[in-house]
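User: Hi! Could you walk me through the opening helix of this protein and the core behind it?

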Amino acid sequence: MDQDMVVLARVRLLSANRRVVRGVEGLWIYRLLTQVEPEVYGSKLAYVLVEESGSPLVRGLPERRLALLDEAVEVAQALSPANPYREMVLARALTARARTLP
């Protein structure tokens with residue numbers, strides 16, 4: 001993993017000055033940082049993935065929407081059972097995924 005990209009992601013995260021960075025930038029930041037510290041950033045990644053699955057950009061693209069939700073479920077399931085956010089983000093991802101399936 002490129003350490004410069006990790007540093008850049010952390011700088012962007014800190015400069016955003018928000019609790020959760022949303023949108024494409026949030027996906028980039030949290031996908032990268034989850035690879036380094038999954039228990040710290042995984043729940044935020046799962047949250048943003050579910051949020052983005054309902055965005056106007058993917059609402060009309062069922063395959064893309066399902067891929068985002070599958071990723072959210074996978075990330076949430078990978079969190080430790082001791083993670084205080086695991087159950088919340090997993091339930092949210094599974095519910096959103098169930099609503100997407102025909």
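Here is a short set of questions and answers on that helix and its surroundings.

Analyst: This is a predicted model, where local features need pLDDT of at least 70, side-chain atom pairs count only at pLDDT 80 or more, and totals for chains, interfaces and linings use all residues. Residues are numbered from 1 along each chain as its sequence is written, and side-chain values use heavy atoms, with hydrogens and water left out.

User: Which residues of H1 are buried (under 20% relative accessible area, 1.4 Å probe, protein chains only)?

Analyst: Happy to help! Helices here are DSSP runs of H or I, at least four residues, numbered from the N terminus. The buried residues of H1 are Val6, Ala9, Leu13 and Ala16.

User: Why are they on the same side of H1?

Analyst: An α-helix has 3.6 residues a turn, so residues three or four places apart point the same way. On the other side of H1, Gln3, Asp4, Leu14 and Ser15 are exposed (over 50%). The buried ones share a side because, by the directions from the helix axis to the C-beta atoms, they cover an arc of only 95°.

User: Which helices do the buried residues of H1 pack against?

Analyst: Contact here means heavy atoms within 4.5 Å. Leu13 is one to look at: beyond its neighbours within four places in sequence, its contacts include Ile29 and Tyr41. The buried residues of H1 pack against H2 (23–36) and H3 (38–53).

User: Which residue caps the N-terminal end of H1?

Analyst: Look for a side-chain oxygen 3.0 Å from the backbone nitrogen of Asp4. The residue that provides this cap is Asp2.

Conventions:
Helices (H or I, at least four residues) and strands (E, at least two) are DSSP runs, numbered from the N terminus. A polar contact is a pair of N or O atoms within 3.5 Å; within protein, one must be able to donate a hydrogen and the other to accept it, and residues adjacent in sequence count only if both atoms are side-chain atoms.
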